[in-house]
Amino acid sequence: MEATATAKPIVEHQPVTPTTSRVDLVLKLVAYVVLIFVALLMFVPFIFSLATSLKTSQAVTQMTLKNMLWVTNPTTQAYQVARHANVFRWFFNSAFVAVIWIIGRAITDTMAGYALARMRFPGRNLIFLIIISTMMIPGIVTIIPKFIILQKLHLLNTYGALTVPFLTDAFGIFLMKQFFESIPIELEEAARVDGANRYRMFAQIVLPNAMPAVTALTIFTFQGSWNSFLEPLIFISGSKPELFTLPVGLANFHQAYYTDWPTLMAMAVITTVPMAIFFLIFQRYFVESQTSASIKG
Amino acid sequence: MALAARTHRSRNPIAAEDRIAGWMFLLPALVIFAVFIIGPILYVFWLSFHQWSVITPEKPWVGLQNYRKLFSGNRDFEIALRNTVWFAIGVVPTQTILGLLLAVLANRKIKGKTFFRTAFYFPSISSSVVISIIFLWLYAQNGLLNAVLHRIGLPTPTPPWISNPRGVIEMALGSFGIHHISLWLAGPSVALLSIMMMNVWTTMGTMMVVFLAGLQDIPPDVYEAAALDGATRTRQFIDITVPLLRPVIFFVLTLGIIGTFQVFDQIFVMTSGGPAKTTTTLAYLVYQEGFGNFSMGYASAIAVVLFFMILIIFLIQRRIVANQEPM
């Protein structure tokens with residue numbers, strides 16, 4: 001660093017600017033070409049899936065490269081088959097489960113996050129450390145005990161198995177704690193002067209001001225719930241298809257009719273569209289939280 | 001000491017209240033945590049020293065038998081370990097390097113930055129099952145990938161991608177006349193490689209977004225000073241960008257290794273561990289032994305080993321980051 005500072009005056013009169021801007025222009029062009037190519041690479045599988053879903057199973061067997069990503073005579077036949085395979089029941093289940101996860105976590109995570117951010121009580125730091133440590137435990141490690149515990153609670157093969165174990169999460173608590181630590185304490189102090197206790201303070205002052213963070217939490221929870229696969233796969237038996245969520249239903253349908261590509265792709269489209277809409281509306285939140293997670297990590 | 005603290009705190013009514021209110025606020029979360037996360041962790045350790053076949057309620061104590069079974073030349077475990085390690089070796093550096101390059105390219109004044117970020121990030125928030133099904137179709141004999149390769153005149157593997165058990169290093173060496181190499185050196189099978197490529201496709205964008213955030217934290221005057229010094233773009237990248245991004249690189253690597261050590265969904269949907277067990281990962285082996293063969297104790301032992309592997313990787317990363325001098 002110091003070397004740079006002393007060297008500065010000597011180099012100053014050299015024609016640095018023109019060459020850099022030329023390099024800049026070339027680099028910019030390269031950047032565009034590469035980024036557009038990769039963006040296409042990201043879209044192609046989804047376009048391929050959408051195009052296939054609008055074809056008949058006969059049409060799919062004899063395709064050239066040209067009509068793989070294009071549809072000449074679109075048909076909703078595959079979507080009809082998907083409807084008969086109960087895909088909208090799975091859709092309902094996925095949506096219902098997501099709503100329960102969101103409500104549960106909005107309550108438990110905000111309360112826990114608030115206690116860890118603002119209250120002083122013995123054992124607080126230890127509890128926070130334990131909660132944070134559980135973030136690195138993969139789902140597969142604890143899946144067998146979870147299965148046994150749910151069996152003992154008579155929750156296997158019910159909506160309870162799809163929801164109860166997920167009513168709180170470490171990342172959400174962490175997110176809310178960070179948020180509560182970042183907001184000014186003055187409002188709470190004013191409420192304290194007015195004689196409010198912690199419970200009233202939380203319900204009337206803190207929670208109404210926490211909506212941005214609760215929105216972020218909702219987005220994450222929706223994503224986690226909508227895409228979750230291992231747990232619903234294990235907790236719902238194959239003989240209860242009326243309780244399948246979309247990913248489990250899709251995997252199950254694939255095992256039974258593994259080459260019915262148009263129907264499988266129709267189901268893939270039905271599963272992806274809500275997430276895509278959600279992502280387009282809230283994409284700022286997704287990218288920002290990924291970023292903040294990485295900086296904290 | 002506790003007494004002193006108490007008398008001191010009791011002067012402030014809200015502090016005294018917090019001693020109870022704090023736990024009340026934590027209670028709902030703690031109940032779920034205790035029953036479904038902390039409890040299961042302890043339970044999986046306990047189970048790994050027992051034998052249980054689900055059908056009968058008895059769970060006899062078997063000591064270290066499950067662990068002995070793992071480490072005394074158990075072929076399935078060794079294969080799963082090999083597949084998992086190859087998966088991580090192939091995927092983690094690739095996604096990190098590609099993510100970094102994309103971030104460096106996108107970290108300039110270009111139009112449509114938000115569009116690119118959105119496009120690259122979307123696969124990582126899509127359902128893993130959906131992506132697996134789409135790629136199965138992409139990799140099929142009459143799928144898109146083979147059609148593209150035919151068009152540009154490149155060979156396609158037989159049997160097709162996801163059902164091909166041949167090791168890629170074995171194939172490469174085979175073309176030089178070298179045959180009969182060991183289980184580990186044969187490399188990932190074409191089938192596993194196909195899943196690895198899909199994984200890179202999915203996570204590359206996440207890595208890019210993380211790196212992009214890291215790059216934006218580097219003050220531009222550092223580069224300006226280096227440019228005045230006559231440092232080339234390449235030198236700037238090696239001497240400034242990479243060292244300053246080191247914490248982010250470690251974060252991405254750890255995230256990547258932990259992620260690849262628990263690959264399950266893709267294996268379940270695409271290959272069920274086949275062909276010839278060449279895509280059976282450790283996570284899939286836990287599932288297979290537990291819910292396929294109903295050897296819950298043995299499956300728990302594999303889960304415990306997996307847990308410690310991830311813990312060790314995590315601790316090594318923490319140590320490396322902690323030892324770094326602040327810039």
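**Notebook: helices, cores and the A–B contact**

I began with helix H15 of chain A and noted its buried residues as A:Leu246, A:Pro247, A:Val248, A:Gly249, A:Leu250, A:Ala251, A:Phe253 and A:His254. That makes eight buried residues out of eleven in this helix, which spans residues 246-256, and I therefore entered H15(A) as mostly covered, a residue being counted as buried when 20 or more other C-beta atoms lie within 10 Å of its own. I remind myself that the model is predicted.

**Chain A as a whole.** I then looked up the secondary structure of chain A and found 16 helices and zero strands. Of the 297 residues in this chain, 39% are buried. I also checked how far along the sequence the contacts reach: among those in chain A between residues at least 6 apart, 74% join residues at least 24 apart.

**Where the chains meet.** For the contact between the chains I recorded 81 residues from chain A and 84 residues from chain B. On the side of chain A that touches chain B, helix H2 (residues 16-53) gives the most, with 16 residues. Sorting that side of chain A by class, I obtained 53 nonpolar, 20 polar and eight charged residues.

**Cores.** Next I turned to the largest nonpolar core, which holds 100 residues, and noted that B:Ile133, B:Val286, B:Ile302, B:Ala303 and B:Leu306 touch the most other members. Helix H15 of chain B (residues 296-323) supplies the largest share of this core, namely ten residues. A second core, separate from this one, has 61 residues, and I listed A:Phe179, B:Tyr121, B:Val252 and B:Leu255 among them. Returning to B:Ala303, and setting aside residues up to four places away in sequence, I found that B:Ala303 touches A:Ile140, A:Val141 and A:Ile144 in chain A, together with B:Val44 and B:Val286 in chain B.

**H14(B) against H15(B).** I looked at how helix H14 of chain B (residues 282-292) packs on H15(B), and noted an angle of about 165° with the axes 8 Å apart. Since angles over 145 degrees count as roughly antiparallel, I therefore describe the two helices that way. The crossing in which H14(B) passes H15(B) is left-handed. From H14(B) the contact uses B:Leu282, B:Ala283, B:Leu285, B:Val286, B:Glu289 and B:Gly290, while H15(B) contributes B:Met296, B:Tyr298, B:Ala299, B:Ile302, B:Ala303 and B:Leu306. By class, I counted ten nonpolar residues, one polar and one charged in this contact.

**H4(B) against H12(B).** In chain B I also followed helix H4 (residues 75-106) and helix H12 (residues 246-260), whose axes come within 9 Å and cross at roughly 145°. Here H4(B) passes H12(B) in a right-handed crossing. The residues of H4(B) in this contact include B:Phe87, B:Gln95 and B:Gly99, and those of H12(B) include B:Val252, B:Leu253 and B:Gly256. I recorded eight nonpolar, five polar and no charged residues for the contact.

**B:Phe211.** My last entry concerns B:Phe211, which sits in helix H9 of chain B (residues 190-216). I entered B:Phe211 as buried because 26 other C-beta atoms lie within 10 Å. Beyond its neighbours within four places in sequence, B:Phe211 is in contact with B:Gly99, B:Leu100, B:Ala103, B:Leu245 and B:Val248. I also took the separation of the C-alpha atoms of B:Phe211 and B:Leu253, which is 12 Å for two residues 42 apart along the chain.

Definitions and conventions. Residues are numbered from 1 along each chain as its sequence is written. Chains are lettered from A and ligands numbered from 1 in the order in which they are written. This is a predicted model: local features need pLDDT of at least 70, side-chain atom pairs count only at pLDDT 80 or more; totals for chains, interfaces and linings use all residues. Two residues are in contact if their C-beta atoms, placed from the backbone, lie within 7 Å. Helices (H or I, at least four residues) and strands (E, at least two) are DSSP runs, numbered from the N terminus. Ala, Val, Leu, Ile, Met, Phe, Trp, Tyr, Cys and Pro count as nonpolar, Asp, Glu, Lys and Arg as charged, and the others, Gly among them, as polar. A residue is buried if 20 or more other C-beta atoms lie within 10 Å of its own, exposed if 12 or fewer, and partly exposed in between; C-beta atoms are placed from the backbone. A nonpolar core is a set of buried Ala, Val, Leu, Ile, Met, Phe, Trp, Tyr and Cys residues joined through C-beta atoms within 7 Å. Axes are lines fitted to C-alpha atoms, for helices over the stretch in contact, and angles run from 0 to 180 degrees between N-to-C directions. Angles under 35 degrees count as roughly parallel, over 145 as roughly antiparallel, 65 to 115 as roughly perpendicular and the rest as oblique. A crossing is left-handed if the near helix is turned anticlockwise from the far one by less than a right angle, and right-handed if clockwise.
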